[in-house]
Amino acid sequence: MAIAKAERLMNLALCLLGTRRPLSKRELRESIEAYLEAGSDDSFNRMFERDKDDLRELGLVIETVENLEGEVGYLARRDSNRLPAITLDAEEAAALGLAAKVWQQARLAGAASGALQKLRAAGLPEDVDPYGAHSALEPRIPAHEASFEPLMLACRDRRPVVFDYRKATAARPEQRHVEPWALECWRGHWYLAGWDRDRGAERVFRLSRITGKVRARAGKYTADVPDVVTVRETVASWAGETADRTALIRLRTDAGYPLRAKAVAVRVGDDGWDELEIPYGHGLDAWLVEFGPDVVVLEPAELRADVVDRLRAVAKG
């Protein structure tokens, strides 16, 4: 059915673009096979109105003209639907080439390469190589999670989704019903921001913690999508980037260099352990767990308890 509709839309667009005078509904129905097969006038009228709205939503400028006899006709003038010539200098072409290279390891690699091919067809000068300039730069944004593509499409189409999600402190995943807003990469990990229907609040989900398939659901969003979705700022605050206090930990000698880089004070011990004072913000417990037995939290007590709870959850599997 999707292929049939796409073919019908293409035929309607070609008719409207190819005519020199407005075509009436009757003429369009006689020219397009799918319209001839419509069971009734009402069925045809509904189909035609939907198709006309879809073409306009896709960007086709369709004019409605009434002739001297009062009959309404439709046409799409070529001059109203012609894009201006694309002119890119070497620097702009290089920027597009770098943007395409970013996605070569992700699911968007084909779309990025296809976009550059379309620019070539639209008039990008042959002597400008988007891939050639600044070839020493090799940016990459990996997107290995299977949930990336369905969530990207759900964000684009504004479609609710359901997936199983395992929090760092939980032994088992639980089902989440989410209205996805935006995807963003932060420090090598992809995150989804959206409205969590079960909790009635905005939430951010790390894609690597989504288990199983992402399943789309019918229906509209129940919450307004904000104009600006601050994924990085939210994740940064959860990761302790906006810390306003400090924590005291013991760290095994010659281990945990990222922690040492953030330390505001270090006391080197002679027993194979050092004491570090590090910034403490929301999410620090999740970070400390990643260092396993090389870290022991001394204070504050609530941070120590959070780390112990996370380690127990991991041990339970």
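Hi everyone, let me start with a pocket. Met10, Ala13, Leu14, Leu17, Gly59, Leu60, Arg78, Asn81 and Arg82 line the second largest pocket. The space inside that pocket comes to about 240 Å³. Sorted by class, its lining has 5 nonpolar, 2 polar and 2 charged residues.

Before I go on, a word on confidence, since this is a predicted model. The average pLDDT over the chain is 81, and 77% of the residues reach at least 70. Where is confidence lowest and where is it highest? The low end is helix α6, residues 109-121, with a mean of 59. The high end is strand β4, residues 161-165, at 95. Please keep helix α6 in mind if you plan to look at residues 109-121 on the screen.

Now to a sheet. What is the strand order in this open sheet? It has 3 strands, arranged β1-β3-β2, and the pairing is antiparallel. β1 (23-24) and β2 (63-66) are at the edges with a single partner strand each, so each has one side without a neighbour in the sheet. Looking at one of those edges, β1 is joined to β3, residues 72-75, by 2 bridges, and the two run antiparallel. Within that pairing, leucine 23 sits opposite tyrosine 74 of β3.

Tyrosine 74 takes us to the aromatics. Tyr74 belongs to a cluster in which ring pairs link it with Tyr35, Phe44 and Phe48. The count of aromatic pairs comes to 9. Let me pick out one of them: why is the pair of tryptophan 287 and phenylalanine 291 called edge-to-face? The ring centres are 5.9 Å apart and the planes meet at 70°, and over 60 degrees counts as edge-to-face, so that is the label this pair gets.

And are those two partners buried or exposed? Tryptophan 287 has 22% relative accessibility and so counts as partly exposed. Phenylalanine 291 has 16%, and because buried means under 20%, it counts as buried.

One last stop, tyrosine 280, which is in strand β11, residues 273-280. Its relative accessibility is 6%, so tyrosine 280 counts as buried too. Which residue do I want to show you beside it? Aspartate 244 is 36 residues away from tyrosine 280 along the chain, yet their C-alpha atoms are separated by 6.8 Å.

That's my tour, thanks for listening, and I'm happy to go back to any of these spots on the screen.

Methods. Residues are numbered from 1 along each chain as its sequence is written. This is a predicted model: local features need pLDDT of at least 70, side-chain atom pairs count only at pLDDT 80 or more; totals for chains, interfaces and linings use all residues. Side-chain values use heavy atoms; hydrogens and water are left out. On a 1 Å grid over the protein atoms alone, a cavity is a set of points where a 1.4 Å probe fits but cannot get out, and a pocket is an open set with protein on both sides within 12 Å along at least five of seven lines; lining residues have an atom within 4 Å of a point. Grid points are joined across faces, edges and corners, and a volume is the space filled by probe spheres set on the points. Ala, Val, Leu, Ile, Met, Phe, Trp, Tyr, Cys and Pro count as nonpolar, Asp, Glu, Lys and Arg as charged, and the others, Gly among them, as polar. Two strands pair if DSSP finds at least two bridges between them. Helices (H or I, at least four residues) and strands (E, at least two) are DSSP runs, numbered from the N terminus. Rings of Phe, Tyr and Trp (its six-membered ring) pair if their centres lie within 6.5 Å; planes under 30 degrees apart count as stacked, over 60 as edge-to-face and the rest as tilted. Buried means under 20% relative accessible area, exposed over 50%, partly exposed in between (1.4 Å probe, protein chains only). pLDDT is the predictor's confidence in each residue, from 0 to 100.
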